[in-house]
Amino acid sequence: MNKVSAKSMLQSKLPYIIYGTAWKKGATASLVSQAVQSGFRFIDTACQPKHYNEAGVGEGWKEAAAKLGLDRSDLFLQTKFTSLDGQDPNKIPYDELETLEEQVKQSIAKSLENLQTDYIDSLVMHSPMRSYEDTLSVWRVFESFVKQEKVRHLGLANCYNEKTFLRLYQDSHIKPKVLQNRFYSQSGFDAELRSLCDAYGVTYQSFWTLSANREAINSHEWKAMARSKNLTPQTLMYAYMMSLGHTPLSGTTDATHMKEDVEIMMRFQIGKEVLSEDDIGTLSSLLGV
């Protein structure tokens, strides 16, 4: 498993799963290390101490890389800039009195320090700002870091408005490569946004993928299909997302679940067809997609 790298997985253009690190607090470093040693190569975090221990992610990937003999390029590190609205006022990772542009610069500098790296694979805006003007201002700073070769790809999260996404896409000099959203019924499962992502070559990343869809995942029909595919109900959900061409996040803290997640990811990585079109249709019906 240590031969597998994020670089080769991206070049293959085959589906993969990202390890999500929210709400892991003091266990972050050990869980990230365990995830990488289990076979995860893509890691998601944020410069938001309220919900993420970004420095723990840095410690975790470094420890695992040393044990496995991995290079930095074998891993894909994604982090986020979080505005003041999303920060704990007692743990803001940048100077709240500075201009918005300076706050973004300080946040990215802190991420580079926390992650113990000289570049970020994917930098994501945690959510659109209150005004479109501010959203574009943040994006312009993001673009400047790509030009400095400190960031490779840019993305947006928690954007459920097609017009906002399209406007930013059209106004940006460096186009978003990622949209990370909750995959749930309240947003209509982002049907239009996911179509836009497909059309523009943007990777749709899903979080809350299991938590928001427990009723379907716990149904008799879902569990029966999972058994027939030698999967768990949870990994069947990830297989469904990957079959649609999307990239789910897994935030499991369980070693067995980590191995199961990596196993289904690797089935896709070697080109196996896990779900037929009929299977996908059945699961879509159960979810209400």
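In this predicted model, helix H11 is followed by Gly271, a residue whose phi is positive, near 85°. The report first describes this helix and then turns to a loop residue, Gln87.

Helix H11 covers residues 255-269; at 1.5 Å a residue its 15 residues should span 21 Å, and because the end C-alpha atoms are 21 Å apart, the model agrees with that expectation. At the start of H11, the backbone nitrogen of Thr256 has a side-chain oxygen of Asp254 within 2.9 Å.

Several residues of H11 are buried, including Met258, Asp261, Val262, Met265 and Phe268. The buried residues of this helix pack against helix H1 (6-12), strand E1 (18-20), helix H2 (28-38), helix H10 (233-243) and strand E8 (247-250).

Of these partners, H2 may be described further. The axes of H2 and H11 are 9 Å apart and the two helices pack at an angle of about 40°, which means that H2 is oblique to H11. The crossing is right-handed. On the H2 side, Leu31, Gln34, Ala35 and Ser38 take part, and they meet Ala255, Met258 and Val262 of H11.

Gln87 belongs to the loop between strand E3 (76-81) and helix H4 (100-114). Its relative accessibility is 4%, and therefore Gln87 counts as buried. Beyond its neighbours within four places in sequence, Gln87 is in contact with Cys47, Gln48, Pro49, Lys50, Thr82, Ile92, Pro93 and Tyr94. The table lists two backbone oxygens and their distances from a polar atom of the Gln87 side chain.

| Backbone oxygen | Distance to a polar side-chain atom of Gln87 |
|---|---|
| Cys47 | 3.2 Å |
| Thr82 | 3.0 Å |

Key:
Residues are numbered from 1 along each chain as its sequence is written. This is a predicted model: local features need pLDDT of at least 70, side-chain atom pairs count only at pLDDT 80 or more; totals for chains, interfaces and linings use all residues. Side-chain values use heavy atoms; hydrogens and water are left out. Helices (H or I, at least four residues) and strands (E, at least two) are DSSP runs, numbered from the N terminus. The expected span of a helix is 1.5 Å times one less than its number of residues. Buried means under 20% relative accessible area, exposed over 50%, partly exposed in between (1.4 Å probe, protein chains only). Contact means heavy atoms within 4.5 Å. A polar contact is a pair of N or O atoms within 3.5 Å; within protein, one must be able to donate a hydrogen and the other to accept it, and residues adjacent in sequence count only if both atoms are side-chain atoms. Axes are lines fitted to C-alpha atoms, for helices over the stretch in contact, and angles run from 0 to 180 degrees between N-to-C directions. Angles under 35 degrees count as roughly parallel, over 145 as roughly antiparallel, 65 to 115 as roughly perpendicular and the rest as oblique. A crossing is left-handed if the near helix is turned anticlockwise from the far one by less than a right angle, and right-handed if clockwise.
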